[in-house]
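Thanks for coming, everyone. I would like to walk through one structure this morning, going from single side-chain contacts to helices and then to the surface.

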Amino acid sequence: MNFPTSFPKQHQNHQPGYEYEMQPAPVYYDKNYNKSKGLLKGKTAIITGGDSGIGRAVAVAYAHEGADVVIIYYDEHQDAEDTKSILDGLGRKCTLMPGDIGNMDFCSYAIENTIREYDKIDILVNNAAVQYPCNSIEDISNEQFDRTFKTNVYGTFYMTRAAIGKMKAGSSIINTTSVVAFKGNEALIDYSMTKGAILSFTKSLSTSLIKSGIRVNAVAPGPIWTPLISSSFDENKVSMFGENVPLKRAGQPVECAGAYVFLASEMSSYITGQTIHVNGGEIVI
């Protein structure tokens, strides 16, 4: 597939942003999906931030592989409805649950509601996140710091803790970390901290759940063209987004989706506590 190497200037004044406002629209679909092998047939997956960006691409890929999907999202209702329409068209069941994953009670509700409707949880993808670029640590307000950690770290923890007791051996948890967990980012100090925490959480939880037969892994995207980008950076930075990686372009959400399918399927049955890097060729340790 041919993907854009640059983007028109644009900015959104709301976070985490709306996919339907982006130009060009992120690519979430792969025409090769019609060759799917039913890798997730009969599975039920929960995806936070599943309305758009990487989450949408993963939801579509999971549906193509036979899974029903519960999409957790904040308040991006049009994006969520658009994603649900896609999954409905694929003949898969899709449930939308709007709410704040930084709220423990909502996370408990989301898990319990999933069990009532689907009777099981096979896959949990902790993907939702926010980021607020700042030029200095002195510019990071207490409110911003709390919000970033509440969504990115607390949300991942709350969703996982609520889901664990409902998941059986063979289930999979996949966390979205980031290249910045490995290399940092001077303008995303608090965001980088949260992604580092998620990385450590993945490793520790994977060890803790080995006896339960639940695998825990992570995907670490680099610069991916999602609503979070157009809602985070000014229009000039958006227009140059992704140019500084070895592949000289931003990635598309669809280019991440395969990693999430692999980690959720039996193809990765001997893998836990690991991270797949989808970052345009950046070498990280």
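Let me begin with Gln12, whose side chain places a polar atom 2.7 Å from the backbone nitrogen of Tyr18, and I should say at once that this is a predicted model, so that the distance is a computed one. Gln12 sits in the segment before β1, and because its relative accessible area is 4%, under the 20% cut-off, it is buried. Leaving aside neighbours within four places in sequence, Gln12 is in contact with Gly17, Tyr18, Glu21 and Met22, and also with Ser230 and Ser231.

The same segment brings us to the salt bridges, of which the structure holds ten. In one of them the side chains of Glu19 and Arg56 meet, at 3.0 Å from N to O, and this pair links distant parts of the chain, with Glu19 in the segment before β1 and Arg56 in helix α1, 37 residues apart. Are these two partners buried or exposed? Glu19 has a relative accessible area of 3% and is therefore buried, and Arg56, at 6%, counts as buried as well. Asp79 also belongs here, since Glu19, Arg56 and Asp79 are linked in a network of salt bridges.

A second salt bridge joins Glu112 to Lys166, where the closest N and O atoms are 3.5 Å apart; this pair, too, links distant parts of the chain, with Glu112 in helix α3 and Lys166 in the loop between α4 and β5, 54 residues apart. Here Glu112 is partly exposed, with a relative accessible area of 34%, and Lys166 is partly exposed at 32%. In a third pair, Lys120 and Asp122 meet at 3.4 Å, N to O; Lys120 is partly exposed at 31%, whereas Asp122, at 14%, is buried.

Since Glu112 lies in helix α3, let me turn to that helix, which runs over residues 104-118. At 1.5 Å a residue its 15 residues should span 21 Å, and the end C-alpha atoms are 21 Å apart, so the two values agree. At the N-terminal end, Asn103 acts as a cap, with a side-chain oxygen 2.9 Å from the backbone nitrogen of Asp105, while just after the helix Asp119 takes a positive phi of about 70 degrees. The buried residues of α3 include Phe106, Cys107, Ala110, Ile111, Thr114 and Tyr118. As a general reminder, an α-helix has 3.6 residues a turn, so residues three or four places apart point the same way. The buried residues of α3 pack against β1, β2, β3 and α4.

Helix α6, residues 189-208, can be read in a similar manner. Its 20 residues should span 28 Å at 1.5 Å a residue, and the end C-alpha atoms are 29 Å apart, which agrees. Among its buried residues are Tyr191, Ile198, Leu199 and Leu205, and the buried residues of α6 pack against α4, β5, α5, β6 and β7.

What about Ile189, in that helix? At 31% relative accessibility Ile189 counts as partly exposed, and together with Ile137, Phe145 and Met193 it makes a nonpolar surface patch of about 340 Å².

Finally, Gly251 lies in the loop between α8 and α9 and, at 12% relative accessibility, counts as buried. Beyond residues up to four places away in sequence, Gly251 touches Pro223, Ile224 and Trp225.

Key: Residues numbered from 1 in each chain as written. Predicted model: local features only at pLDDT ≥ 70, side-chain atom pairs only at ≥ 80, totals over all residues. Heavy atoms only, no water. Patch = residues over 30% accessible without salt bridge, like charges linked within 9 Å, V, L, I, M, F, W, Y side chains within 5 Å. Areas by Shrake-Rupley, 256 points an atom, 1.4 Å probe, with all protein chains shown as cover. Salt bridge = Lys/Arg side-chain N within 4 Å of Asp/Glu carboxyl O. Helix = DSSP H or I, 4+ residues; strand = E, 2+ residues; numbered from the N terminus. Buried < 20%, exposed > 50% of the residue type's maximum accessible area, 1.4 Å probe, protein only. Expected span 1.5 Å × (residues − 1). Contact = heavy atoms within 4.5 Å. Polar contact = N/O pair within 3.5 Å; in protein donor to acceptor, adjacent residues only side chain to side chain.
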